[in-house]
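Open the model in your viewer and keep the sequence panel visible. The tour below says what to select at each stop and what is found there.

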Amino acid sequence: MSFGAAAASRLAGKTILITGASSGIGRATAFEFANAAGGDVKLILTARREASLLAIKEELEKAYPKASVFPIKLDVSKMAEIDSFMEKIPAAAGTVDVLINNAGMVHGVEKVGEITQSDIDIMFQTNVFGLIALTQKFLPGFITRNKGDIVNIGSIAGREPYPGGAIYCATKAVVKSFTESMRKELVASRVRVIEVDPGQVETEFSVVRFRGDKAKADAVYAGVEPLIAEDIAEVIVFAVSRRENTVVADTLVFPSHQASAMIMHRKL
Ligand SMILES: NC(=O)c1ccc[n+]([C@@H]2O[C@H](COP(=O)([O-])OP(=O)(O)OC[C@H]3O[C@@H](n4cnc5c(N)ncnc54)[C@H](OP(=O)(O)O)[C@@H]3O)[C@@H](O)[C@H]2O)c1
């Protein structure tokens, strides 16, 4: 069987839930799954921006008529929304086979001593508490069925803290630690725990970091060629479409000009 055909058969009929699917890596991952599965996939797409999710559903179902797309509004920073989330999944979406914990954000570049409590709260609520709470909702079912994939999107920031990122880096370090504990706890099961850590990817991430200031966001990418969301989507789909016994446990993905959080070659 060809590489692509093997991946398609392993993904066929699966239900995949992606958080933060309204833009960037999450959105690209939805398209990549539909493509790799030859359309034979059910995608539950969540984020706060419902209109974006609806537009993505329309685009996906047009490109992949066999695919079923279920957009559901979910703010992962709100525990009450996570608590009632499973009831909102329509029966037609089936049982979730793959949970992609991708929703995440960064606010600001302030140094310790200058960081507002609201920025600290929102980064931890979104990147850490939301990811943990949603995982706790789905994992018991995965364990009962002895199958399922959890893909957590970490970051180079979780491996190498940098100045101006104390809180964001700390949240991603939590993701890394949490993910590794969970993988060790599940070693006797068929549940796969996968972490993908991107380096620099051009998405809405920097626009959010600089609170909508596009010029500041663009300056982050001056003189470099960042990854695009599709590069990370390919890695996520690759990991999920391996043989059941294969766990692509931990992956760090850089663009070629980047060798660490701080080492970046710029052609200026
Ligand atoms: N871009 C990079 O350089 C980079 C590098 C390393 C790691 N990452 C990680 O990659 C993941 C995806 O980021 P991205 O680069 O694709 O950025 P992005 O384009 O800004 O996408 C972030 C996604 O997360 C969603 N989100 C944010 N807060 C949310 C909340 N409270 N509840 C639900 N969804 C929420 C956003 O949707 P709504 O606004 O519609 O809610 C959006 O769909 C994040 O975990 C990020 O930390 C990115």
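A residue is near a molecule if one of its heavy atoms lies within 4 Å of it. With that rule, and keeping in mind that this is a predicted model, start at the ligand.

**Stop 1: the ligand**

Select the ligand and display its surroundings. How many residues surround the ligand? There are 29, and the closest are S22, S23, R48, Y168 and T203. Sorted by class, this shell holds eleven nonpolar, 13 polar and five charged residues.

Now look at three contacts in turn.

- Select I25: a backbone N or O atom of this residue lies 2.8 Å from an oxygen atom of the ligand.
- Select R48: here an N or O atom in the side chain is 2.7 Å from an oxygen atom of the ligand.
- Select V201: one of its polar backbone atoms is 2.9 Å from a nitrogen atom of the ligand.

How much of the ligand does the protein bury? Taken alone, the ligand exposes 870 Å², and the protein buries 96% of that. Two elements give two or more residues to the shell: α2 and α6, the latter spanning 166–185.

**Stop 2: strand β1**

Select residues 14–19, which form strand β1. Is β1 enclosed or open? Five of its six residues are buried, so the rest of the structure largely encloses this strand. The cut-off used here for buried is under 20% relative accessible area.

Add residues 98–101, strand β4. β1 and β4 pair in the parallel sense, over three bridges. To find one of the places where they meet, select I16, which stands opposite V98 in β4. I16 also has a bridge partner in β2, namely L43. I16 can therefore serve as a marker on β1, since it has V98 opposite it in β4 and L43 as its partner in β2, and β1 itself is largely enclosed.

**Stop 3: strand β2 and its partners**

Select residues 41–47, strand β2. Six of the seven residues in β2 are buried, so that the strand is mostly covered. β2 runs parallel to β1, and six bridges join the two. β2 also pairs with strand β3, residues 68–73, again in the parallel sense and over six bridges.

Which residues stand opposite K42? T15 stands opposite K42 on the β1 side, and S68 in β3 stands opposite K42 as well.

Next, trace the chain between these strands. β1, helix α2 (residues 24–36) and β2 make a right-handed β-α-β unit. From β2 the chain crosses through helix α3 (residues 50–63) to β3, and this β-α-β crossover is right-handed too.

While the strands are on screen, a general point may help in reading them. In a regular strand the side chains alternate between the two faces of the sheet.

**Stop 4: two residues with positive phi**

Most residues other than glycine have a negative phi. The next two selections depart from that.

Select N146, in the loop between α5 (117–145) and β5 (149–153). N146 is not a glycine, yet its phi is positive, about 55°. Its relative accessibility is 36%, so N146 counts as partly exposed.

Then select R211, in the loop between α7 (205–209) and α8 (214–220). The phi of R211 is also positive, near 50°, in a residue other than glycine. R211 is partly exposed, with a relative accessible area of 46%.

**Stop 5: helix α9 and the loop after it**

Select A229, which is found in helix α9. Is A229 buried or exposed? At 8% relative accessibility, A229 counts as buried. Add P198 to the selection: A229 and P198 are 31 residues apart in sequence, and their C-alpha atoms are 9.6 Å apart in space.

Finish at S241, in the loop between α9 (229–240) and β9 (250–253). S241 has a relative accessible area of 2%, so this residue is buried. Show its side chain, which reaches the backbone oxygen of V237 at 2.7 Å.

Technical notes: Residues are numbered from 1 along each chain as its sequence is written. This is a predicted model: local features need pLDDT of at least 70, side-chain atom pairs count only at pLDDT 80 or more; totals for chains, interfaces and linings use all residues. Side-chain values use heavy atoms; hydrogens and water are left out. Buried means under 20% relative accessible area, exposed over 50%, partly exposed in between (1.4 Å probe, protein chains only). Helices (H or I, at least four residues) and strands (E, at least two) are DSSP runs, numbered from the N terminus. Two strands pair if DSSP finds at least two bridges between them. A crossover is right-handed if, with the strands pointing away from the viewer, the path from the first strand over the helix to the second runs clockwise. A polar contact is a pair of N or O atoms within 3.5 Å; within protein, one must be able to donate a hydrogen and the other to accept it, and residues adjacent in sequence count only if both atoms are side-chain atoms. Accessible areas come from the Shrake-Rupley method with a 1.4 Å probe; for residues, only the protein chains shown count as cover. Ala, Val, Leu, Ile, Met, Phe, Trp, Tyr, Cys and Pro count as nonpolar, Asp, Glu, Lys and Arg as charged, and the others, Gly among them, as polar.
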